[in-house]
Amino acid sequence: LFTKGLYVAMASRILLWSLILIALIKLAKTLNVGFRYFLFAVFMFVFVDQSISSGEWIFGGAEQKVWAYFFFFLSLSELLNKRYFRAGLNSGLAISSHVIVGGYSLVAIGVAMVFCLKKNYMGKLFKFFGPVILFGAPILFFALQYLGNGSSVHGNLDGGLGATAINVFFRNPHHLDPNAFDRIGILLLLAMGFFTLMAILKGKPWQPYRKELAIVFIVPWFFFAIGILARIVGAIWVLKFYPFRFADTLTSLLFWILVPSFVLNEAPNYFRKRLPDPYFFNRCCLAAMSVIIFRGTLAIAVPCMVSRIHASVQEWSQFLNEPTEHKRYVEAVTWIKSNTARSDVILVNPMWGDFWLDAERPMVVSFKLSPANGRAVEWYYRLRRLNGGKDFKGKSFGIKKELNINFNRLTIEQITSLCEDYGAEYYFVNEQRPDLEKFSKFSNEGYFIYFIGCKNRRSIPKPSG
């Protein structure tokens, strides 16, 4: 069970990372960036954890958005080389891979193209937007339909907490709520944006693409500013469209690709006749880089590297040695697959996000699979019920400890109510429940399965009073 999953995860990550590197190498060649500067840029981009403020990433899991970034980098390269059909094709594929990332990249590239075209205007626009419409429009249609799904569901949780507020302030504040971002990180991102724009406008190697590149860079910052303004005025519906992630990641990446080359090769000559000290700009850039690297080392890179090394050691240990704890989980999941119907709903900890995939059985609710539409209200309501009906003290993945404790301690009355409301047939926990011993179907030294479904609903003892 685990071995096959690990093979798939490793192979998919290697594939996507390789494709991203190929696309970035193509973009670096188009921009006449030397290979050593490119290697340094990739290293620093990953070292400071890729995103400066909004928790975004490119080199990470095998998710759809990584494909979208791959197609965006290809589209940008084709745009700079004035191959508009290929640029449109890759932009359409980016949208079909991930609507949010693909959508922002399309707007950035589309605006740059509209403002930079000179001759054969309509023909070039048709070459670009034709494949975009062909590959992107169907996905956009389904995405809008999905966002409208559950729109009639109105939440009155926690004093009127609705679906949008649940997504922004509870599920994804690290991505969506600027008040949850690191203030120093936002200031550093602004500084990086300024130096990157200066390098784009003044760097000779990419002078032929200066206007297009500047517009592609500035447009995501327009959405970033809209997101900040929306938070200030309380228009939180804007925040659910992730207005920060694209500008954050693109700025960090282009900063490391363009600025070091510009600082070392061109900045002194450019500012020699414009500033009393021609190296003033260099010193400012190097100071910003030093702060970013220092902050990234202490606040991001070292903790992340330690946690990732620890996680990797655990994963490889599981892969090579298959420790006892994992064997127990596999035994329990194997029992579920062999002795329950595929339609049987399992009452399982919402933080066990891979259970539905491992057991091929539905869960009452999964924390990881959160709806981005009106059904987020029902998702939150189920989470809280599986938390013993208690309000959450933490947010996002910070609620894991609460759920791990409270889910295993659900009362018989709560379990019965969940069974009645969601058709749950089995209660799967990693803590023994003596009060449910007569309904035990499977147990080992780490996991316990109790039958609490419709057939046994009336026989589960109700607490007196």
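1. Let's start with helix H9, residues 183-202, in this predicted model. H9 has 20 residues, and the distance from its first C-alpha to its last is 29 Å, close to the 28 Å expected at 1.5 Å a residue. Its buried residues include Leu188, Leu189, Met192, Phe195 and Met198, along with Gly185 and Gly193.

2. Now to the sheet. It is open and built from 4 strands in the order E1-E2-E4-E3, with mixed pairing. E1 (345-348) and E3 sit at the edges with a single partner strand each, so each has one side without a neighbour in the sheet. On average, neighbouring strands are turned by 20° against each other, direction ignored.

3. A helix accompanies this sheet: H18, residues 412-422, packs on it and touches E1 and E2. The direction of H18 makes about 135° with that of E2.

4. Strand E4 (residues 448-451) deserves a look of its own. Phe448 and Tyr450 point one way from E4, Ile449 and Phe451 point the other way, and all of them are buried.

5. On one pairing of E4, strand E2 (residues 424-429) runs antiparallel to E4 and is joined to it by 4 bridges. You can trace this register through tyrosine 426, whose bridge partner in E4 is phenylalanine 451, and through valine 429, whose partner there is phenylalanine 448.

6. E4 also pairs with strand E3 (residues 440-443), again in the antiparallel sense, over 3 bridges. Here serine 443 has phenylalanine 448 as its bridge partner. The link from E3 to E4 is a hairpin through 4 residues.

Technical notes
Residues numbered from 1 in each chain as written. Predicted model: local features only at pLDDT ≥ 70, side-chain atom pairs only at ≥ 80, totals over all residues. Heavy atoms only, no water. Buried < 20%, exposed > 50% of the residue type's maximum accessible area, 1.4 Å probe, protein only. Helix = DSSP H or I, 4+ residues; strand = E, 2+ residues; numbered from the N terminus. Pairing = 2+ DSSP bridges. Expected span 1.5 Å × (residues − 1). Axes fitted to C-alpha atoms, helices over the stretch in contact; angles between N-to-C directions. Contact = heavy atoms within 4.5 Å.
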